[in-house]
Structures are given as C-alpha cells and as structure tokens.
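Welcome, and thanks for taking a look at this one with us. Please open the sequence and the structure side by side, and then we can walk through a few features together.

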Amino acid sequence: GCKNIRIEKNRIEDIGAGGIKVYGGAYGEEELLTTSNCVFRGNEISYCGKRYAAGCGILINHASNMEVSDNHIHHTDYSGVSVGWVWGYANSSTYGNIIRGNHIHHIGMGRLSDMGGIYLLGKQSGTVVSDNRIHDVTSANYGGWGIYTDEGSSFITIENNVVYNTKDASFHQHYGSQNVVRNNVFAFGSAAVEITRYELHDTILFEKNIFFTNGAPIYFQHLRSMGVNSINSAQNIIWDISGNVQMLKDVPFEKWQATSGKDQGSIIADPLFENAGEYDFRLKPDSPAIALGFKPLSGFLASGKE
C-alpha cells in the first residue's frame with residue numbers, strides 16, 4: 001500500500017540481498033494493497049547479493065506508475081532492475097512504470113544465470129524503458145542479456161537505449177505480445193536479438209535500431225527453427241565490423257529478406273559511430289542511420305562521458 005514515496009540520491013552498497021524492493025498487491029487485491037507513484041532517482045546501488053545472490057538492484061513487484069530514473073546500478077550478482085511478478089498472460093497490477101536514464105553495468109558477475117540488465121515480466125501496459133546505458137552483463141551459464149522481456153511481457157516500449165558487451169544477446173524476448181523496440185543501439189553481444197518462443201500473434205516490432213556486431217549473427221539461432229511470423233522487423237541499420245553480415249549463422253541479408261519477409265527497408269551500412277571500439281556511439285553527421293530516421297543519442301547515454 002505504499003504511495004508517493006521518494007528515494008533519491010542515496011548510496012546503497014555492500015548489501016546482503018538487493019538494494020530497493022517494492023512489493024504490492026497482486027491483481028484483484030488493489031483495493032487494499034495498491035502500491036503506486038513512488039520515485040527512485042539518482043541513487044547509486046552496488047555490490048548487491050552478498051548473502052542472497054538473487055537480490056536485484058531495484059525490484060518492483062505488483063506496482064504501478066513507478067519511476068526508476070538516473071540511477072547508477074553496478075556490480076550485482078543478478079538483474080540490475082527487475083519489474084513484474086506475473087508469469088505469462090494473466091492480469092497484472094504492474095503497469096505504467098518508467099525506467100529511464102539509468103547506468104547499469106557489471107551485472108551477474110558470472111555467479112547466476114537467466115538475468116538482464118533490465119528484466120521485465122508479464123503484462124505491463126504503458127511501461128517504458130528508455131535512455132538507459134547497459135553493459136557488461138555476464139551469467140554463470142546462460143542468460144546474460146542486456147534487456148530481457150521474459151514470460152508474457154506485453155505492451156512495453158523499449159527505446160533510445162544503448163546495450164553492449166553482453167555474454168548473450170543484447171536483447172532477449174522469451175515470449176510476449178505487442179512490444180515495441182525502436183531507436184536502440186545493440187552492440188557486441190553474442191547476437192543482437194534473441195526470441196525463444198514462436199506464437200500465433202504479433203509479439204514484437206523492431207524498428208529503426210542499430211544492430212552492430214563483430215562476427216556474431218544479428219538474430220540468434222532460435223529464429224531458424226521456430227519461424228519468424230510472430231515478429232516484425234523493418235528499417236534497421238545493420239553492420240558487422242568483420243564485413244560479413246549474417247542475419248542468422250550462414251544466412252546473409254538478402255536470403256533473410258527473401259525467405260523471412262522481414263527487415264524490409266533495413267540497410268546494411270556502417271552507422272559511422274564516433275568510436276565504437278571505445279563504446280562511443282555518437283553518430284557522425286553523415287551517418288546513414290540518421291538518413292534512415294534513427295534519432296541520434298547524445299551525452300552520457302551515447303558516449304559514456306558527460
């Protein structure tokens with residue numbers, strides 16, 4: 001039942017479990033236990049999970065209209081920010097949450113598996129994940145993803161994020177419905193995108209993202225066996241430093257377009273980052289990404305420098 005609480009500009013470190021935990025009433029319990037309209041801004045949360053490794057930097061369960069912004073979350077053994085607590089497509093009291101402007105890095109630390117820099121779960125109408133810089137996510141075995149929409153994640157907008165140096169794909173969706181992923185930079189993962197369940201409805205739209213790899217495929221191999229009818233992908237900028245773009249392993253761009261029907265309007269082109277080797281993802285003025293409609297990112301988000 002907590003409402004209108006602000007936790008701002010604190011340092012939370014060397015914690016037995018997680019940094020901040022929100023737990024409200026599940027769907028159907030809202031009249032008694034509505035948890036909403038809290039703000040967690042400008043905190044540094046680090047070295048979580050000293051006793052309970054699954055402690056997250058910030059964990060939000062059964063809560064709505066929360067703001068998680070401008071936090072620095074690092075060196076956790078599990079997800080940096082985790083939002084949602086309903087597996088699958090059941091009704092959820094988690095919705096309308098804003099996760100914006102956070103710097104999230106050195107997540108997982110090789111201790112646990114199945115995590116994300118930002119992890120989302122269940123129906124979340126109106127939730128927006130934007131302007132976050134996420135990097136260096138390392139799992140013990142599998143599941144070191146940058147942004148992870150897990151079981152039933154739906155109606156979420158993911159835009160203007162920078163994700164790089166992840167053990168697994170920069171972005172992973174287990175399964176969900178009608179999510180929008182646009183204007184993000186996904187770089188230097190084991191793939192740019194991974195989808196792990198085929199469904200008979202539109203699950204996700206990828207539009208005007210920059211997919212940037214170095215010898216890795218754009219899409220993870222699950223898409224080869226599961227089919228691609230449930231995803232939509234168009235007008236993305238695709239580049240591999242090695243010069244050999246593979247949409248799936250051994251599937252070049254033209255074959256991918258012809259056989260899948262996806263990525264119509266996407267282009268193979270160097271986006272002309274200022275210095276990708278130093279993780280400076282600002283675009284040069286003559287970038288083909290800008291010409292295609294990608295909105296340039298700036299400041300710390302793009303360059304890692306103020």
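Which residue takes a positive phi in the hairpin of E29 and E30? That residue is Tyr 279, with a phi near 60°. Please keep in mind that this is a predicted model. The points below begin with that hairpin and then move on to the sheets and the surface.

**The hairpin**

- Strand E29 covers residues 273-275 and strand E30 covers residues 280-283; the two run antiparallel and are joined by two bridges.
- Across the pair, Asn 275 stands opposite Asp 280 in E30.
- Four residues lie between the two strands of this hairpin.

**The nine-stranded sheet**

- An open sheet is built from nine strands with parallel pairing, and their order is E1-E4-E7-E10-E13-E17-E21-E24-E26.
- At the edges sit strand E1 (6-8) and strand E26 (231-234), each of which pairs on one side only.
- From one strand to the next, the twist averages 5°.
- Within this order, E17 is followed by E21; E17 spans residues 157-159, E21 spans residues 179-182, and three bridges join the two in parallel.
- If you would like a residue pair to find on screen, Thr 157 has Val 180 in E21 as its bridge partner.

**Strands E25, E27 and E28**

- Strand E25 (residues 210-213) runs parallel to strand E27 (residues 237-240), and four bridges join them.
- E27 is also joined to strand E28 (residues 267-268), here by two bridges and again with the strands running parallel.
- Ile 238 is a handy residue to follow: it is the bridge partner of Phe 211, and its own bridge partner in E28 is Ile 268.
- Helix H3 (residues 253-260) joins E27 and E28 in a β-α-β unit, and this unit is right-handed.

**A nonpolar patch on the surface**

- Tyr 23, Trp 85 and Trp 87 make up a nonpolar surface patch, and together they have about 350 Å² of accessible area.
- Where in the chain is Trp 85 found? Trp 85 belongs to the loop between strand E9 (81-83) and strand E10 (98-100).
- E10 is also one of the strands of the nine-stranded sheet described above.
- Trp 85 counts as partly exposed because its relative accessibility is 34%, and partly exposed lies between the cut-offs of under 20% for buried and over 50% for exposed.

Methods
Residues numbered from 1 in each chain as written. Predicted model: local features only at pLDDT ≥ 70, side-chain atom pairs only at ≥ 80, totals over all residues. Heavy atoms only, no water. Patch = residues over 30% accessible without salt bridge, like charges linked within 9 Å, V, L, I, M, F, W, Y side chains within 5 Å. Areas by Shrake-Rupley, 256 points an atom, 1.4 Å probe, with all protein chains shown as cover. Salt bridge = Lys/Arg side-chain N within 4 Å of Asp/Glu carboxyl O. Buried < 20%, exposed > 50% of the residue type's maximum accessible area, 1.4 Å probe, protein only. Pairing = 2+ DSSP bridges. Right-handed = clockwise from strand over helix to strand, strands pointing away. Axes fitted to C-alpha atoms, helices over the stretch in contact; angles between N-to-C directions.
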